[in-house]
There are 2 protein chains.
Amino acid sequence: MADTKLQIIPLGGLGEFGMNCLAVRWQNDILVIDAGLMFPESELLGVDIVVPDITYLVENKEHVRGIILTHGHEDHIGGLPWILSELNVPVYGTEFTLAYVEGKLDEHKMLDDTELIEIAPGAKFSLGPFTVEPIRVTHSLVDCVALAIETPVGVIVHTGDFKIDLSPPDGKAFDLHKFAEYGKRGVLALLQDSTNVDRPGYTPSEWSVKPRLDEVFSRTKKKLFFSCFSSSIYRIRIALDLAHFHGRKVAVVGRSMVESSEIAQDLGYLDLPPGLLIHPGQINDFAPENMMILISGTQGEPMSALSRAAVDNHKHAHILPGDTVVLSSRVIPGNEKSIYRVIDHLYRRDAHVIYDDGASGLIHVSGHASQEEQRLMINLLKPKFFIPVHGDYRHLKKHAELAQSIGVVDQALVIEDGDVLELDRESAQKKGKVTAGRICIDSGSTADVVEDIVIRDRRHLSEDGFVLPILTINKLSGKVERQPELVTRGFVAESGLLESARQVVASTLENSSAEEKADYGVIKEKIRVDLKRYIQKNTSRRPLIMPVILEI
Amino acid sequence: MADTKLQIIPLGGLGEFGMNCLAVRWQNDILVIDAGLMFPESELLGVDIVVPDITYLVENKEHVRGIILTHGHEDHIGGLPWILSELNVPVYGTEFTLAYVEGKLDEHKMLDDTELIEIAPGAKFSLGPFTVEPIRVTHSLVDCVALAIETPVGVIVHTGDFKIDLSPPDGKAFDLHKFAEYGKRGVLALLQDSTNVDRPGYTPSEWSVKPRLDEVFSRTKKKLFFSCFSSSIYRIRIALDLAHFHGRKVAVVGRSMVESSEIAQDLGYLDLPPGLLIHPGQINDFAPENMMILISGTQGEPMSALSRAAVDNHKHAHILPGDTVVLSSRVIPGNEKSIYRVIDHLYRRDAHVIYDDGASGLIHVSGHASQEEQRLMINLLKPKFFIPVHGDYRHLKKHAELAQSIGVVDQALVIEDGDVLELDRESAQKKGKVTAGRICIDSGSTADVVEDIVIRDRRHLSEDGFVLPILTINKLSGKVERQPELVTRGFVAESGLLESARQVVASTLENSSAEEKADYGVIKEKIRVDLKRYIQKNTSRRPLIMPVILEI
């Protein structure tokens, strides 16, 4: 019966934060919403980025009509180079989103081979049997949209990432009327951002950081360093306005900050008075009280401009006693150590550091809807079915409970990556699974997929290092030619242990038949097991043990 | 002039959280306050615990009169086995603190060789030229003390960890009067806990979690699982009281929870109605609405009872749909991933999970003084000098600023691990440094120190694995006997790369003179450098490369 059903198939972002990617299918037409990446957990050793497994899309290559992007954050666009290399389909996005995408594809030398199609709020377009209308939403980034998708069984709405900011700094308002209109006409299903389902109330407007920042600007007697996420165009705009108002010139420092502010300027999101920006090389030409430095690196990234400035290792950005450093951002879980290390360095330089310590006034606000905004959206759209997206399992579950409790929604359904949800005008049901998962990428010169086994090996190596027994066996006689060698790194052994471990290997060899010794697989495994037992008993450690046989 | 000066020498905990240890010296007498450990940051691969470098104490062994413990948390007592193995001196602590210490020393088979001396609030004792009075303070653990130490140049007060809890569940009140008395008589220096210097206001009392917990107990229709830090005796007491009040039997599950609640019971901190506790094997004999399970594992520790129960892998603790799980604890930074993984599993089992989501009512309170309590203590003691302890650099600095701003203190001084602060009745000055630092320990059968080089190797291995070129050289002829072998693990290589890497090694050998080949050090380094360059150029990765030469 799948022929008369609409299928919703999340491939990433439902069951984790990041790598958002979701397929919508009607018969032989598939539309993909977002193509994000995820930054790896620290236990994924040596992995640079994580992207969704798109086996399902590759297997259905000829049916995929395009990828529609809701906005330009990495967890929505960062997987594009990887996905497009497997699947060359048109990419749809708003002007600002595509500007980010262009930079990214250019870096991967894929720009010329990709069809980029600009979309705009209110301008409907067709993709196979689907008619898509982008609807303007507000978020921490500019030019973000939700998607209303007309399908043969009804309209589904995907919110993208959003909050309801009633006073966005660029005046481009959240389109309440359009959502109300769709709600009036009837919505089959709403797929809504779950990120902040833990937070009661409303998320404050982007503007709400201004009073505290204004106070910081007023009090600062020397240089002011301002750091935020480079994609936080609103925040940058507020900082630049304040700099101008308080008579400070601005130098932009750090690659991502320079790129992002140039794009924002080109597209009219930053309206700068002439002469406000100066080159970082001119910082010393101005009195400290007349300088603001817009600098990247809020998460303590080791090579970022701020991390380097914090240890006085940046060409232009020198932080001196009495300077003020503002971190207008949140602490992303997992980055605490590196962020606080930078902050400690700043304190050692006798700088004033203003960061989100959870106690003083607001210097950062979230870009995601809190509970009341989630409820408001559900009330506006009155969907028959509700499907939470973007979050760990507990967020999806809580969000479904929240939606169900309002009494507007017929049914709230928790689905996860790989689940196939089938919808028609009357019903919604989970029907089977497709391949889904995480692909780990070592971003070297070429994008290399890191297999699970490699990561397991690295984890093993990272805990106890390795011990390699090396044997030389005479190819002709089958005899062991010399005492086994033990090579080790990253493993702590008391003196004498390695010598006796060699004896263990030697005695394993002695106690093995000629037949066993001739079968390298068997003899390697015997040595591995005996040596492992011996080392574990004597040190309680479990180094990676990998016997090597050299034939001579 | 050091002869007439008192020296304060922090060896741990000033510049980091954890491994608290501080020496106080007058001429040839040294007294040590606390002997803590620190749990390693994730980048210290394979390291189990971190303890302070006590070279200074070992070098002055004959002068050390004893170690005084302020309370029984790991960051104050956890380093004892390590320190006592280098330095066998008497250990002073309150009854409850010593009960924890006994368990720890017993585990390390050191109990019989250690002199443990019980101290009590208000009971002064002498140690060389020092007279020490323990003063009762409140904290998240019971039986905690601050120390007032009379020295030849005046009284110094060390707060230990504290908050000012005006209604501690055991009724043993924070001794405001004693502090006031010392303040009146005059205090030379105050060493005060900086942990919560970021928080304005007062830290709520331990009691303040009761209303929300009571509500949870009232609403829960099925089994109730209650988890908290096993040392949070007050919290356990409140949970047991509520269980009794709401007609639930209690089973205690998890080693640390069992041990800790037994100690608390023995020492009279838990007053249990007969029949309240049942054996975990009896859980199924009671209706779900009549059971509470006190379970350890709030931090998502992989082998903890709660983690195992979350994946239904615990013998007695089975979590069923509709059961409620309360995590009455905070999320320690760095543990987010493992904690939320457990919570997600609990949601998948359709349990109600009550955790500190920052939004709903209070289910956990801190054990450390907030700013107003810190100010109150300074006002009570009116110290001439103020020295912040326990915190990263930024906490110490902020705490010094807070103290200075009150106008009571003559001088606030920021010192860090290894600094020597010299005091007399009139002045306080930093004078030089002693050896201080962190010792990484692999807690196997024996306590093995992990050298920096081993950790560096592990980190290197963890990122890109290893490549080992193995050569066989004929001892007699000096000739290379066969094609070099390449052994690799944890390293991603495209097909063909390893073969061409072998060629690189072979050609390095060809281009080396007989003399170079005879010097294994030289030829190994040549191979390492050439191979490293080749691999880096072709893969952008940097595996650990370690040439091995076998003589045959």
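Where in chain A is the place of His368(A)? His368(A) sits in the loop between β18 (352–354) and α11 (371–381) of chain A. The legends below describe this residue and other parts of a predicted model.

**View 1. The two residues that UniProt lists for "active site" in chain A are Asp193(A) and His368(A).**
The listing comes from an unreviewed UniProt entry. These residues are spread over 176 residues of sequence, yet they cluster in space, with a largest C-alpha distance of 7.7 Å. Asp193(A) belongs to strand β12 (residues 187–193) of chain A, whereas His368(A) lies in a loop. Asp193(A) counts as buried because its relative accessibility is 1%, and the cut-off for buried is under 20%. His368(A) has a relative accessible area of 16%, so it is buried as well.

**View 2. Asp193(A) and His368(A) are shown with their surroundings, and each is in contact with the other.**
Apart from neighbours within four places in sequence, the contacts of Asp193(A) include Thr159(A), Gly160(A), Gln374(A), Val389(A) and His399(A). With the same neighbours left aside, His368(A) is in contact with residues including His139(A), Lys163(A), Asn196(A) and Thr203(A). Asp161(A) and Phe162(A) are among the contacts of Asp193(A), and they are also among those of His368(A). The side chain of His368(A) makes a polar contact with the side chain of Thr195(A), at 3.4 Å.

**View 3. His390(A) is listed by UniProt for "binding site".**
This listing, too, is from an unreviewed entry. His390(A) is found in the loop between β19 (383–389) and α12 (393–406) of chain A. Is His390(A) buried or exposed? Its relative accessibility is 5%, so His390(A) counts as buried. Not counting residues up to four places away in sequence, His390(A) touches several residues, among them Gly13(A), Leu14(A), Phe17(A) and Asn20(A). Two histidines, His76(A) and His158(A), are also among the residues it touches. The list includes Asp193(A) as well, one of the residues in View 1. A polar contact of 2.9 Å joins the side chain of His390(A) to the side chain of Asp161(A).

**View 4. An open sheet of 7 strands is found in chain A.**
The strands follow the order β8-β9-β10-β11-β12-β19-β20, and their pairing is mixed. β8 (125–127) and β20 (411–412) stand at the edges, each with a single partner strand, so one side of each is left without a neighbour in the sheet. Within the sheet, strand β10 (residues 144–151) and strand β11 (residues 154–158) run antiparallel and are joined by 5 bridges. Thr151(A) stands opposite Gly154(A) in β11(A).

**View 5. Chain A and chain B meet through 67 residues of chain A and 67 residues of chain B.**
The area buried between the two chains is about 5,700 Å². Carbon and sulfur atoms give 55% of this area. How many salt bridges are there between chain A and chain B? The count is 6 salt bridges. Helix α10 (residues 336–348) of chain A gives the largest share of the side of chain A that touches chain B, with 8 residues. One of the salt bridges joins the side chains of Arg348(A) and Glu416(B), at 2.5 Å from N to O. There are also 14 residue pairs in polar contact between the chains.

**View 6. Strand β13 (residues 224–227) of chain B is covered on both faces.**
Leu224(B) and Phe226(B) are on one side, Phe225(B) and Ser227(B) are on the other, and all are buried. β13(B) pairs in the parallel sense with strand β16 (residues 291–295) over 4 bridges. In this pairing, Leu224(B) stands opposite Met292(B). β13(B) also runs parallel to strand β17 (residues 324–327), with 4 bridges between them. Here Phe226(B) stands opposite Val326(B).

**View 7. Asp143(B) lies in the loop between β9 (130–137) and β10 (144–151) of chain B.**
Asp143(B) is buried because its relative accessible area is 8%, and buried means under 20%. Its side chain reaches the backbone nitrogen of Phe96(B) at 3.1 Å. The backbone nitrogen of Glu95(B) lies 3.4 Å from a polar atom of the same side chain, that of Asp143(B). Not counting residues up to four places away in sequence, Asp143(B) also touches residues including Thr70(B), Thr94(B), Arg136(B) and Tyr269(B).

Definitions and conventions
Residues numbered from 1 in each chain as written. Chains lettered and ligands numbered in written order. Predicted model: local features only at pLDDT ≥ 70, side-chain atom pairs only at ≥ 80, totals over all residues. Heavy atoms only, no water. Buried < 20%, exposed > 50% of the residue type's maximum accessible area, 1.4 Å probe, protein only. Helix = DSSP H or I, 4+ residues; strand = E, 2+ residues; numbered from the N terminus. Pairing = 2+ DSSP bridges. Polar contact = N/O pair within 3.5 Å; in protein donor to acceptor, adjacent residues only side chain to side chain. Contact = heavy atoms within 4.5 Å. UniProt positions renumbered as here; feature names shortened; annotations may be inferred. Buried area = accessible area lost by both parts, 1.4 Å probe. Salt bridge = Lys/Arg side-chain N within 4 Å of Asp/Glu carboxyl O.
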